[in-house]
Amino acid sequence: MSSGNFPLLHRDEERDVEVTWEDQRRINQFSKLNSRLEHLEDEYKAQKTEKEYLDDLAMEIELLDDDEPVPYKIGDAFVLMSLEDAQDRVEKDKSGIDARVDELDSQISAITSEMGDLKKALYAKFGRAINLEKN
């Protein structure tokens with residue numbers, strides 16, 4: 001008989017453990033944190049990619065003539081600005097992204113730590129009867 005995505009436990013690994021209200025609260029909290037962590041990791045990757053684009057843009061801008069207006073994308077529109085203004089804008093945008101990346105890194109660390117504490121408590125009670133690992 002197939003068990004789908006759930007591996008069958010051997011008789012010696014099975015546990016009849018009562019799930020208390022506190023256990024259910026911990027499981028739910030772990031699930032919420034896991035969802036939040038995935039969202040933050042996705043945003044972190046997007047911010048890092050945006051930072052790489054800005055780094056490339058900064059190098060490209062350096063190659064332009066001083067008297068040429070530079071088309072700079074703000075939102076969905078391009079605005080013509082002087083080379084110096086474009087360079088300042090790129091640096092400002094990079095600083096904003098750096099600050100957001102640091103904030104995301106801090107949040108990811110805090111969530112990972114809290115999830116680790118919950119894992120310890122849940123695995124201590126349920127052993128292999130619960131799976132809290134990413135697949």
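**Group meeting talk: cores, a hairpin, a pocket and some charged pairs**

Okay, let's start in the middle: the largest nonpolar core here has 13 residues, and the ones with the most contacts inside it are F30, L33, L37, L40, I111, M115 and L132. Before I go on, keep in mind that this is a predicted model.

So where does that core come from? Helices α1 and α2 each supply at least two of its residues. The largest share is from α2, which puts in seven residues.

Let's pick one residue and look around it. Which residues does M115 touch, leaving out those up to four places away in sequence? They are F30, L33, N34 and L37. Three of those names may sound familiar, since F30, L33 and L37 were on the list of core residues with the most contacts.

There's also a second core, separate from that one, with 11 residues, including L54, M81, L83 and V90.

Next up, the strands. Strand β1 covers residues 70-74 and strand β2 covers residues 77-81; they run antiparallel, and five bridges join them. If you want one pair to find on screen, try P71, whose bridge partner in β2 is L80. The two strands make a hairpin with two residues between them, and in that hairpin G75 has a positive phi near 70°. A general point while we're on strands: in a regular one, side chains alternate between the two faces of the sheet.

Now for some empty space. The second largest pocket holds about 230 Å³. What lines the second largest pocket? You'll find E50, Y53, L54, L57, P71, Y72, K73, F78, D93 and I97 there. Notice that P71, the one paired with L80, is back again as part of this lining. And L54, which we met in the second core, also lines the pocket. Helix α1, strand β1 and helix α2 each give at least two lining residues, with α1 giving the most, four residues.

Last topic: charge. Side chains of opposite charge can pair when their charged atoms come close. How many salt bridges does a search of the whole structure find? The count is 12. I'll walk you through three.

Take R100 and E103 to begin with. Their closest N and O atoms are 2.7 Å apart. Both sit in helix α2, residues 83-126, and because they are three residues apart, about one helical turn separates them. Is R100 buried or partly exposed? With a relative accessible area of 22%, R100 is partly exposed. E103 is partly exposed too, at 40%.

Then there's D55 with K51, where the closest N and O atoms are 4.0 Å apart. These two are in helix α1, residues 21-62, and lie four residues apart, again about one turn of the helix. D55 has 28% relative accessibility, so it counts as partly exposed.

The third pair is E133 and K119, whose side chains meet at 3.3 Å, N to O. Here K119 is in helix α2 but E133 is in the segment after it, so this salt bridge ties together parts that are 14 residues apart in sequence. E133 counts as partly exposed at 42% relative accessibility, and K119 does as well, at 24%. One more thing on salt bridges: some share partners, and in that way K51, D55, E91, K94 and D98 are joined into one network.

That's my tour, thanks for listening!

Note on methods:
Residues are numbered from 1 along each chain as its sequence is written. This is a predicted model: local features need pLDDT of at least 70, side-chain atom pairs count only at pLDDT 80 or more; totals for chains, interfaces and linings use all residues. Side-chain values use heavy atoms; hydrogens and water are left out. Buried means under 20% relative accessible area, exposed over 50%, partly exposed in between (1.4 Å probe, protein chains only). Two strands pair if DSSP finds at least two bridges between them. A nonpolar core is a set of buried Ala, Val, Leu, Ile, Met, Phe, Trp, Tyr and Cys residues joined through side-chain atoms within 4.5 Å. Contact means heavy atoms within 4.5 Å. On a 1 Å grid over the protein atoms alone, a cavity is a set of points where a 1.4 Å probe fits but cannot get out, and a pocket is an open set with protein on both sides within 12 Å along at least five of seven lines; lining residues have an atom within 4 Å of a point. Grid points are joined across faces, edges and corners, and a volume is the space filled by probe spheres set on the points.
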